[in-house]
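Work through these short exercises with the model open. Each task is followed by a stepwise solution.

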Amino acid sequence: MNFFHAIIIAIVEGLTEFLPISSTGHMIIVSSLLGISKDEFTKLFEVVIQLGAILAVVVLYWRKFLVFDKNRVGFYVKLIVAVIPALIAGYLFSDKIDQLLESPLTVGITLLLGGIVLLFVDNWFQQPTIETDEKVGIFTALRIGFFQCLALVPGVSRSAASIIGGMQQKLTRSEAAEFSFFLAVPTMAAATGYKLLKGKELLMAHPENLKLLLVGNIVAFIVAMGAIKFFIGALKKYGFKMWGYYRIIVGAIIIGAILMGYSLEL
């Protein structure tokens, strides 16, 4: 991986992390198209640049994360509770997840199936009752956390899974999206910390890779700032169908390419 590769992958991460189209899936496909070898550093890079995207959420919603208020303790508790299922599942199935991360076919199938779901999700949940995160209960947050576990499969989309989980729990569309953003902070921070811990020897052996990580996180942060603002506006105006059609088209192209003999394997 070189600096050009790092910038492209970081742009993809920033654009797609908070959209319901799977950032991991897109990074897998773009890495394949760019001919980036799926070595240990590439795998580490694709996870660690999530720190930049996390920072974008913290900055945009700084009052929730950086202004301590005893009345907000419940907010932090709910995020911790909601992230527990993904932490446990990620730890138990980490080897299997790593195998799936090398499969563009898995990404194509899950993008396609997830796209079909998004075509109908607006019609499934039409009577929301929760309009603010203050009204989200502990067990509601936990159930959303279980939905987020679906995103351990590449191509599902952490954002899509947790937003749909939120809507199923009676959150409004925009509140489900924002809660998904908030939940991304502890989820991605934990995944990044775990990946860095496992890859510290790799980074110590090749300290020049730290520059790639720094550039990647800066680019991901800048792009994610714009993507979050765009997504909230588009979601309120258009709902999920546009993302559903996009996923179906991309998923079908990937599957079709593989069936026609084009090698997308990493």
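The exercises below cover the nonpolar cores and two buried polar residues.

This is a predicted model: local features need pLDDT of at least 70, side-chain atom pairs count only at pLDDT 80 or more, and totals for chains, interfaces and linings use all residues. Residues are numbered from 1 along each chain as its sequence is written, and side-chain values use heavy atoms, leaving out hydrogens and water.

**Exercise 1.** Find the residues that touch the most other members of the largest nonpolar core.

Solution. Start with the term: a nonpolar core is a set of buried Ala, Val, Leu, Ile, Met, Phe, Trp, Tyr and Cys residues joined through side-chain atoms within 4.5 Å. Buried means under 20% relative accessible area (1.4 Å probe, protein chains only). The largest core has 42 residues; Val57, Phe65 and Phe181 touch the most other members. Elements giving two or more residues include α4 (50–60), α8 (104–124) and α11 (173–198). The largest share, 9 residues, comes from α11. Helices are DSSP runs (H or I, at least four residues), numbered from the N terminus.

**Exercise 2.** List the contacts of Val57 beyond four places in sequence.

Solution. Contact means heavy atoms within 4.5 Å. Val57 touches Phe18, Phe65, Phe181, Phe182, Val185 and Ile228. Next, a second, separate core has 18 residues, among them Val30, Ile49, Val219 and Ala220.

**Exercise 3.** Place Ser159 and give its burial.

Solution. Ser159 sits in helix α10. Its relative accessible area is 0%, so Ser159 is buried. Beyond four places in sequence, Ser159 touches Glu17, Phe18, Leu19, Pro20, Ser180 and Phe231.

**Exercise 4.** Do likewise for Thr16.

Solution. Thr16 belongs to helix α1 (residues 3–16). Its relative accessible area is 5%, so Thr16 is buried.

Key:
Buried means under 20% relative accessible area, exposed over 50%, partly exposed in between (1.4 Å probe, protein chains only).
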